[in-house]
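Here are some notes to read beside the structure, taken one topic at a time. Please keep the model open and look up each residue as it is named.

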Amino acid sequence: QYAYDNKIEDIIIFEDDAVLKDKNFDFIDFLDKIDTDENKDNKNLIWYLGGCVNPKNNNIYCLHAYYFPDWQIIGVLINALSSSNNKRAIDSMMINVLKKKNIKYAYRQVFGQMENSYSYIDGSIKNKPGTWVKNCTNAT
């Protein structure tokens, strides 16, 4: 909400248990590559930077971090998510909104889930990802 209200661009939002897995990830280089003239028409409005890709439908769950190049898409998501009558984990809600509204998104494995650490979201120690992620690729 803060990023939207203050029109902040180039935002990364992390889960509380996200940990950098790709030690060679260069965020500045990443921004330079996606912000070229040749990518303007195909610019992804949301980049998932870790999580679990379900190979059956390409839905992304078990989210660790995501990047918004533009603050305006955040307003679209805030409205859709806040008006939903089916509240649940934001990553499962968000993928449904993106698909319904045909919003472009992309995936890159950069962050993973910290193991054996306290999750403020779950209110418990996370020893490993949820058991359902065994059906997904890139689930670490």
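1. Tyr 48 has a relative accessible area of 0%, and because anything under 20% is classed as buried, Tyr 48 is a buried residue. Keep in mind throughout that the model is a predicted one. Tyr 105, by comparison, has a relative accessible area of 22% and is therefore described as partly exposed.

2. How are the rings of Tyr 48 and Tyr 105 placed? A pair of aromatic rings is described by two quantities, the distance of the centres and the angle of the planes. The centres of the Tyr 48 and Tyr 105 rings lie 5.8 Å apart and the planes meet at 80 degrees, so this is an edge-to-face pair. The pair connects distant parts of the chain, since Tyr 48 belongs to strand E3 and Tyr 105 to strand E7, with their positions 57 residues apart.

3. The structure holds ten aromatic pairs. Ring pairs also join Phe 25, Phe 27, Phe 30, Trp 47 and Tyr 67 into a cluster. One member of that cluster, Trp 47, stands opposite Ala 106, which is in E7.

4. Please trace the sheet next: five strands form an open sheet in the order E1-E6-E3-E7-E2, and the pairing is mixed. E1 and strand E2 (18–20) are the edge strands, and because each has a single partner strand, one side of each lacks a neighbour within the sheet. Ignoring direction, neighbouring strands in this sheet are turned against each other by 40 degrees on average. Within the sheet, E3 and strand E7 (residues 105–113) run parallel and are joined by four bridges.

5. Two helices can then be placed against these strands. H3 lies across E1, E3 and E6 and runs at about 125 degrees to E6, while H4 lies across E3, E6 and E7 and runs at about 145 degrees to E3.

6. Which residues of helix H3 (residues 72–82) are buried? They are Ile 73, Ile 74, Gly 75, Leu 77, Ala 80 and Leu 81. The buried residues of H3 pack against helix H1 (2–5), strand E1 (11–14), strand E3 (46–50), strand E6 (65–68) and helix H4 (90–100).

7. The largest nonpolar core has 21 residues, of which Ile 46, Tyr 48, Phe 68, Leu 77, Met 94 and Leu 98 touch the most other members. Two or more residues of this core come from each of E3, strand E5 (60–61), E6, H3 and H4. Apart from this core lies another, made of twelve residues that include Phe 30, Leu 49, Tyr 67 and Ala 106.

8. Phe 68 deserves a look of its own. Leaving aside residues up to four places away in sequence, Phe 68 touches a list of residues that includes Asp 10, Ile 11, Ile 13, Ile 46, Ile 73, Leu 77 and Met 94.

9. Finally, please check the backbone in the loop between H1 and E1, where Lys 7 is found and where Asp 10 is also located. Lys 7 has a positive phi of about 50 degrees although it is not a glycine, and Asp 10, likewise a residue other than glycine, has a positive phi near 55 degrees. Lys 7 counts as exposed because its relative accessibility is 54%, whereas Asp 10, with a relative accessible area of 43%, is partly exposed.

Key. Residues are numbered from 1 along each chain as its sequence is written. This is a predicted model: local features need pLDDT of at least 70, side-chain atom pairs count only at pLDDT 80 or more; totals for chains, interfaces and linings use all residues. Side-chain values use heavy atoms; hydrogens and water are left out. Buried means under 20% relative accessible area, exposed over 50%, partly exposed in between (1.4 Å probe, protein chains only). Contact means heavy atoms within 4.5 Å. Two strands pair if DSSP finds at least two bridges between them. Axes are lines fitted to C-alpha atoms, for helices over the stretch in contact, and angles run from 0 to 180 degrees between N-to-C directions. Rings of Phe, Tyr and Trp (its six-membered ring) pair if their centres lie within 6.5 Å; planes under 30 degrees apart count as stacked, over 60 as edge-to-face and the rest as tilted. A nonpolar core is a set of buried Ala, Val, Leu, Ile, Met, Phe, Trp, Tyr and Cys residues joined through side-chain atoms within 4.5 Å.
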